[in-house]
Amino acid sequence: ECSPYAAHLYDAEDPTTPVRQLPGLCDEYCVEFWSKCKTTVRALVKEGELLETVSNRRQFCDILQLQDLDYCFPRVLSNSNLTRNLGAVVADPDGCLQLCLEETANGLRNPVAMVHANDGTHRFFIAEQIGMVWAYLPNRARVERPFLNITEAVLTSPWEGDERGFLGLAFHPKFKHTGKVYVYYSVEVNLEEKIRISEFRISSHDMNMLDHSSERIILEVDEPASNHNGGQLLFGNDGYLYIFTGDGGMAGDPFGKYGNALNKSALLGKVLRIDINNNNRGPLYKIPPDNPFIQDPDARPEVYAYGVRNMWRCSVDRGDPQTKEGNGRIFCGDVGQNKFEEIDIVEKGRNYGWKAREGFSCYDKKLCGNSSLNGVLPIFAYPHSVGKSVTGGYVYRGCESPNLNGLYIFGDFMSGRLMALAEGSRTGSWYDYKICMGRGQTCLFPGLLNKYYRYIISFAEDEAGELYFLSTRIPTSTSATGVVYKIVDPSRRAPPGACRYNPLPVKVKSRLISFVPKPKWTPRPRKRPTKNKPKSRQRTNLPRKGSSPDWFLELLQTLEKLQTEWDTAPDQYVATSAPRPEERHAHSGRKQSNVGPASRRSESTPTNGAVRLVNEHDRADRGRVEIYIDGVWGTVCDDLWNRQSAAVVCHQLGFPFAIEAYRRAEFGRGSGPILLDDVECDGSEKNLLQCHHSEIGETNCSHHEDAGVMCGHTEP
């Protein structure tokens, strides 16, 4: 029986305590257990001190004793103080469900998709943007030879944020019998950019490799620009292949009066549905007979839904494990233009509004007022103050984390936020459900993490229904900083044995590369700070073709221009050095100063670790802390932020004292990357890089948690 007090009985709440093999027993019960059942101990305990002392009752029961006698068995069952609130669910002070992560794969170059074959082997397949797909076994070992390598054909570049490349793959629902896999990638044909949907077959000699000579091109669509390429492929419960295309790129869908998305005669900005079953002879695909516009002479028969801007990552709901409610629904994240990101449920024949509408708001006022367009609203939308490029996720239907059942979990590529939606049981409407990374000791247990790389590229579901997401530290197809994380709910796990499965055997004909997780960051001794030297990386030029004011340029501007653009808002003042006391009094207000912001700018390129204070008033002694690392200015997360860390900043700026260490974006939220987290200083360091901190760029917070300081010349 899985006891609600198992963590207490096994003294497992504190990850620093030794692992117990038997629960804590109350004295009188232990005596009875020893006298009647001690012969069972060798079957229950594998090795260790318990086996050595089983012949001595006193020593045996001393080992099983708990420090907190209220939690020993069976006294814990009758303790009214403990059982009074049993089963009650209480939100934490911030009102969020705390989650942890398990690292599943790493060393990937912009991992854009992870799928399973649904063939009973429980393998998973991870695609990189450059055109490589890797096969992994259930134990997370990777097959050395790639499952697919079409890097020579895939069109992409080393630009940070390039949207072209290998973008999606889907296994045929009956892959075990057909051996067919479908891929979606960018290609250049006669100097013209296109998106291509192709079919491959599994190799007859190796079940972990596709036959590269078997490619058949199912569909190609011209791409007028280098962004908004879509990229999702999936099979619905109806057995048909769904293809999600972008609107063609640039900004505002400028292609004609209605744009591509609202023009049903164009394949861009659409959800397409085709029948690729039984296509070994005859046409490569057929039109499903119930496609909504099959009788419309002005529409392409492949169109299933329209009014789509750039749906990035869609999924099919498996339905509730018991009732199957929700089964077959298709959820998508549709990337917005200037103001809103949205989540949609895709249904046949529906118009999802772009470019008339962005989220719940009008974008093109003339089109927005055209009632004949009959657009459907998203189930959820969020503003760009939260994130600027949605990454669609999945409704959790797995076994291991029962409390997550029914939550739609998704994220944002630019802000790095993980988010969730819950469905109202009575209204059917969806509402924001707060989730966050576990704090304190929540995720300190072996194998668990509470930090991840910021740029969330995709989400995934394994064959058992467990949920993952794929993110990277540097969003370029040449940087091997991509990691796959499994989402874990530490507050409630399934009963032991309930989620076991027996994968079918896999014949491996090449070497297996065992999974080795990245070293988990742990605090170093405080007396011996070491300097963290970030690696430099080459910067690249902007793309020549297409333009967009959305996340693509936002990312490039952040990475390319923050080196020189210190002014995060027109009226913000940045302090990079401390004035003398008399100067501070002489210039106590903006009107009294004749020194413009441009002349306050540092003349030379800052060195790594340089800091500045940003605030909305002309104050040199306080503000949001921003640090310069590897050519980029970014903020510091307030996790563990205290007076000692603030003192390092103040000393660096020439102030002898730190008056206050501020948290929760007291001086406003930054707009650049969050570069440092978990900063711990003793006050003697020369800059924050010499303090203990998590890996640069690896955070679990948002700009709502930007750290700040107030410095002074007199001791507080």
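How do the residues of the lining of the second largest cavity divide into nonpolar, polar and charged? The close-up of that cavity below has the count, and everything shown here comes from a predicted model.

**View 1. A look inside the second largest cavity, with a volume of about 50 Å³.** The residues of its lining divide into three nonpolar, two polar and five charged. Arg-309, Asp-334, Glu-342, Arg-357 and Glu-358 are among the residues that line this cavity. Val-335, Gly-336, Tyr-352, Trp-354 and Gly-359 line it too. As for the overall tally, the model has three cavities of 30 Å³ or more.

**View 2. A cis peptide bond from Trp-354 to Lys-355.** Have a look at Trp-354 again, since this residue also lines the second largest cavity. The bond that joins Trp-354 to Lys-355 has an omega near 10°. Lys-355 itself sits in the loop that runs between strand S17 (340-346) and strand S18 (357-358).

**View 3. A cis peptide bond from Phe-73 to Pro-74.** Here, too, omega is near 10°. You'll find Pro-74 in the loop between helix H5 (57-64) and helix H6 (80-83).

**View 4. His-228, a residue with positive phi that is not a glycine.** Its phi is about 60°. His-228 belongs to the loop between strand S10 (210-222) and strand S11 (232-235). Is this side of the loop buried or exposed at His-228? His-228 is buried, with a relative accessible area of 1%.

**View 5. Asn-278, a non-glycine residue with positive phi.** For Asn-278, phi is about 55°. The loop in question connects strand S13 (270-274) with strand S14 (303-306). Asn-278 counts as exposed, because its relative accessibility is 71% and the cut-off for exposed is over 50%.

**View 6. The largest nonpolar core, with 70 residues.** In soluble globular proteins, nonpolar side chains tend to be buried together. Phe-166, Leu-169, Phe-171, Leu-219, Ile-243 and Phe-410 have the most contacts inside this core. Strand S8 (residues 180-189) gives the core its largest share, six residues.

**View 7. Phe-166 and what it touches.** Leaving aside residues up to four places away in sequence, Phe-166 touches a list of residues including Val-112, Ala-127, Val-133, Leu-148, Ile-150 and Val-154. Val-183, Tyr-184 and Tyr-185 are also among its contacts, and so are Glu-128, Gln-129 and Gly-131. Elsewhere, a second, separate core has 27 residues, including Val-611, Val-649, Leu-676 and Cys-711.

Notes. Residues are numbered from 1 along each chain as its sequence is written. This is a predicted model: local features need pLDDT of at least 70, side-chain atom pairs count only at pLDDT 80 or more; totals for chains, interfaces and linings use all residues. Side-chain values use heavy atoms; hydrogens and water are left out. Helices (H or I, at least four residues) and strands (E, at least two) are DSSP runs, numbered from the N terminus. Buried means under 20% relative accessible area, exposed over 50%, partly exposed in between (1.4 Å probe, protein chains only). A nonpolar core is a set of buried Ala, Val, Leu, Ile, Met, Phe, Trp, Tyr and Cys residues joined through side-chain atoms within 4.5 Å. Contact means heavy atoms within 4.5 Å. On a 1 Å grid over the protein atoms alone, a cavity is a set of points where a 1.4 Å probe fits but cannot get out, and a pocket is an open set with protein on both sides within 12 Å along at least five of seven lines; lining residues have an atom within 4 Å of a point. Grid points are joined across faces, edges and corners, and a volume is the space filled by probe spheres set on the points. Ala, Val, Leu, Ile, Met, Phe, Trp, Tyr, Cys and Pro count as nonpolar, Asp, Glu, Lys and Arg as charged, and the others, Gly among them, as polar.
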